[in-house]
Amino acid sequence: MATFMHYTPGEYAQGHIRITGTELSDGRQFFYLDDTPEYVSGEKVRELRDPRELANRFEPGVDGEGNPIPVQAPQMRRDPLTGDWIPMATARMNRPITAGPGATATGNPLAARNPGDPYQDGEVPDTDYDVVVFENRFPSMNRIPGVKDETVYVDGNPLWPQRPAVGRCEVVCFDPKEDSLPADLPVSRLRTVVEAWAFRTAEISAMEGIEQIFPFENHGQEIGVSLAHPHGQIYCFPFVAPRLEQELQHTEAYRSRTGGNLLRDILKGEVDAGGRIVMRNSTWIAYVPAAARWPLEVHVQPVRDGIFTLDQLNDNERWGLAQMYSALLKRGNMFFDTGNGEGMDLPYIAAWHQAPVRDRRRSSYRLNLQFFSFRRAANKIKYLAGSESGMAAWISDTTPEKIAARFHELGDTDIDK
């Protein structure tokens with residue numbers, strides 16, 4: 001396996017996962033994570049040359065009259081009412097869409113390359129892969145060489161600070177097949193996905209200006225997924241995102257008041273209550289939170305204390321997470337009864353809440369996954385009401401106990417059995 005500055009593979013990864021890095025033709029970083037034995041051993045090697053002739057992403061272009069067009073650097077402006085930073089990336093308007101009624105692309109840029117296919121703008125150089133990670137071609141945030149990371153003010157008014165959105169956006173493809181579902185992948189493949197999250201968290205944490213690393217998965221057309229392919233993303237913010245900022249305020253205040261860790265005590269409280277625990281193995285516990293917002297919502301925390309980020313997980317915990325994630329996706333697909341006993345392809349968001357990279361409140365936090373779906377019945381979606389969209393005043397359509405009871409119908413709580 002290649003060596004990296006900040007990522008150190010565990011015993012399993014050293015013997016069963018091979019990471020091979022290269023660059024796409026426009027200069028973006030690209031990584032294969034192989035778990036197929038022939039590639040792990042080096043008997044077979046991956047295609048490292050991107051056959052496309054893409055312009056360097058940091059070089060200015062030219063218009064139809066030959067005049068230079070500067071690189072469009074994503075910007076972000078701060079909302080004075082909330083303190084939230086809002087990235088603005090106009091280049092994303094041109095990204096391809098292959099899912100939903102507004103689809104604009106006939107090919108799939110996340111699939112393995114098919115030499116006979118007329119569509120040859122795919123992001124993967126090889127004709128097959130296991131798991132790949134690469135920088136997004138249309139990032140919401142990006143550091144542009146030569147653009148100073150400094151504050152200016154919109155219209156010269158100090159009410160509206162503006163800075164370059166110097167974060168980073170990466171794509172994680174779980175499988176080369178467009179029509180495969182993450183829930184159907186073997187646990188061994190999800191273990192490779194977990195390694196990808198840990199690998200990128202370790203490496204990106206050392207990059208200049210990154211304050212939060214947020215791996216997540218959007219799944220399903222109803223969620224707004226624009227590419228119909230089993231994949232997730234990693235957003236690396238140059239600020240602490242609003243949801244994490246809110247959580248940090250509460251975890252820090254709780255520590256100051258009690259000396260305890262709020263997330264650890266929430267987990268202990270759920271274990272003591274018992275009824276909302278929906279799955280557990282030797283290293284992870286999944287529960288419906290006592291104040292769940294969504295009609296299907298499950299949070300997952302590691303058993304071991306002192307884990308802030310995914311790269312801090314040991315081998316057993318990474319295997320336990322792959323097992324837990326697989327079971328969660330499968331049971332999520334069976335949650336709503338469609339009348340034929342087969343369930344459905346559940347639309348969901350899986351959001352990894354990691355401790356911030358540099359913020360002093362990091363030590364009061366704890367790694368956790370927040371998994372939820374907009375669906376509230378087999379044929380109904382929960383649309384946000386005016387009170388929810390306009391004032392963030394949530395109204396639940398069910399109760400956490402009913403959500404947990406349905407999960408209990410779907411399988412044993414102890415998934416190590």
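**Note on helix H6 and the cysteines**

1. Asp-315 lies in helix H6. The model under review is a predicted one, and the points below concern this helix and two cysteine residues.

2. The side chain of Asp-315 makes a polar contact with the backbone nitrogen of Tyr-12, at 2.8 Å. Leaving aside residues up to four places away in sequence, Asp-315 touches Gly-10, Glu-11, Tyr-12 and Arg-191. Tyr-12 therefore appears both as a polar partner and in the list of residues touched, given that contact means heavy atoms within 4.5 Å.

3. The start of H6 also involves Asn-314: one of its side-chain oxygens comes to within 3.1 Å of the backbone nitrogen of Asn-316.

4. Helix H6 comprises 20 residues, 315–334. At 1.5 Å a residue it should span 28 Å, and the C-alpha atoms at its ends are 29 Å apart, so the expected and modelled lengths agree. Of these 20 residues, 15 are buried, and the helix is thus mostly covered.

5. Turning to the cysteines, the number of disulfides is zero, with a cut-off of 2.5 Å between sulfur atoms. Cys-169 takes part in no disulfide, and the nearest cysteine sulfur to it, in Cys-236, is 7.1 Å away. Seen from Cys-236, the closest cysteine sulfur is that of Cys-169, and the 7.1 Å between them is too far for a bond.

6. Are these cysteines buried or exposed? Cys-169 counts as buried because its relative accessibility is 3%, where the limit is under 20%. Cys-236 is likewise buried, because its relative accessibility is 0%.

Key. Residues are numbered from 1 along each chain as its sequence is written. This is a predicted model: local features need pLDDT of at least 70, side-chain atom pairs count only at pLDDT 80 or more; totals for chains, interfaces and linings use all residues. Side-chain values use heavy atoms; hydrogens and water are left out. Helices (H or I, at least four residues) and strands (E, at least two) are DSSP runs, numbered from the N terminus. The expected span of a helix is 1.5 Å times one less than its number of residues. Buried means under 20% relative accessible area, exposed over 50%, partly exposed in between (1.4 Å probe, protein chains only). A polar contact is a pair of N or O atoms within 3.5 Å; within protein, one must be able to donate a hydrogen and the other to accept it, and residues adjacent in sequence count only if both atoms are side-chain atoms.
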